[in-house]
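Reader: Could you walk me through one part of this model up close? I'd like to hear about the nonpolar core and what surrounds it.

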Amino acid sequence: MPRRPEADDFYGDGRDAPTQLVVDTVLDRQRRTCIARLLDDLSDECAGRLQLDHVKSQPHVGAPVEKRGKRRRHRYRAPSDPAHLVAVCAHHHLDGWATSHRGAIRDWLSR
Ligand SMILES: [Zn+2]
């Protein structure tokens with residue numbers, strides 16, 4: 001069994017980190033399965049550990065929001081709550097699946 005993901009695995013500096021309860025909620029909701037497996041029958045095999053991916057409610061438009069700190073990695077990152085987070089394996093996070101399926105993920109989150 002792979003080690004259970006914990007909040008600190010995602011945001012080491014603690015800034016805007018999801019709580020352990022949020023992490024567990026997100027993972028349990030997906031039955032600890034990569035979102036690619038749940039949404040896309042054609043996606044290839046998962047690999048690597050599950051990671052949390054922030055999904056904004058709407059694609060961003062207009063001017064970027066002010067960065068809150070130097071270490072904030074994304075200018076537009078969504079809040080760290082279950083309505084804006086999905087679990088995706090390292091492979092599908094990094095190979096572009098998560099980015100190219102934003103619409104489907106957003107629909108799934110808004111059910
Ligand atoms: Zn995957």
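Author: Here is a look at the core, one strand in it, and a few residues around it.

First, the ground rules: this is a predicted model, in which local features need pLDDT of at least 70, side-chain atom pairs count only at pLDDT 80 or more, and totals for chains, interfaces and linings use all residues. Residues are numbered from 1 along each chain as its sequence is written.

The overall layout is 6 helices and 2 strands, in the order α-α-α-β-β-α-α-α from the N terminus on. Helices (H or I, at least four residues) and strands (E, at least two) are DSSP runs, numbered from the N terminus. Of the 111 residues, 20% count as buried. Buried here is 20 or more other C-beta atoms within 10 Å of a residue's own, exposed is 12 or fewer, and partly exposed is in between, with C-beta atoms placed from the backbone.

Now the core. The term stands for a set of buried Ala, Val, Leu, Ile, Met, Phe, Trp, Tyr and Cys residues joined through C-beta atoms within 7 Å. The largest one has 16 residues, and Val26, Cys34, Ile35, Val86, Ala87 and Val88 have the most contacts inside it. Two or more residues each come from helix 2 (20-29), helix 3 (35-39), strand 1 (50-54), strand 2 (85-89) and helix 5 (97-100). Strand 2 gives the most, with 5 residues. In soluble globular proteins, nonpolar side chains tend to be buried together.

So let's stay with strand 2: 5 of its 5 residues are buried, so the strand is largely enclosed by the rest of the structure. Leu85, Ala87 and Cys89 point one way, while Val86 and Val88 point the other. That fits the usual pattern, as side chains in a regular strand alternate between the two faces of the sheet. Strand 2 runs antiparallel to strand 1, and 5 bridges join them; for strands to count as paired, DSSP has to find at least two bridges between them. One of the pairings is between Leu50 and Cys89.

Zoom in on Val86, in strand 2. It's buried because it has 26 C-beta neighbours inside 10 Å. Leaving out residues up to four places away in sequence, Val86 touches Val26, Ile35, Asp53, Val55, Ile105 and Leu109, where contact needs C-beta atoms, placed from the backbone, within 7 Å. Its C-alpha atom is 6.8 Å from that of His54, 32 residues away along the chain.

Ile105 from that list sits in helix 6 (residues 102-109). It's buried too, with 20 other C-beta atoms within 10 Å. Apart from residues up to four places away in sequence, Ile105 touches Ile35, Leu39, Val55 and Val86. Between the C-alpha atoms of Ile105 and Leu85 there are 9.6 Å, with the two residues 20 apart along the chain.

Cys34 is another one to click on. Beyond its neighbours within four places in sequence, Cys34 contacts Cys46, Leu50, Ala87, Val88, Cys89 and His92. Across the protein, residues 24 or more positions apart make up 68% of the contacts with a separation of 6 or more.

Finally, check the loop between helix 2 and helix 3, home to Arg31 and Arg32. Most residues other than glycine have a negative phi. Arg31, though, has a positive phi of about 50 degrees, and Arg32 has one of about 55 degrees. Arg31 is exposed, with 9 other C-beta atoms within 10 Å, whereas Arg32 is partly exposed, with 14.

Conventions
Contact = placed C-beta atoms within 7 Å.
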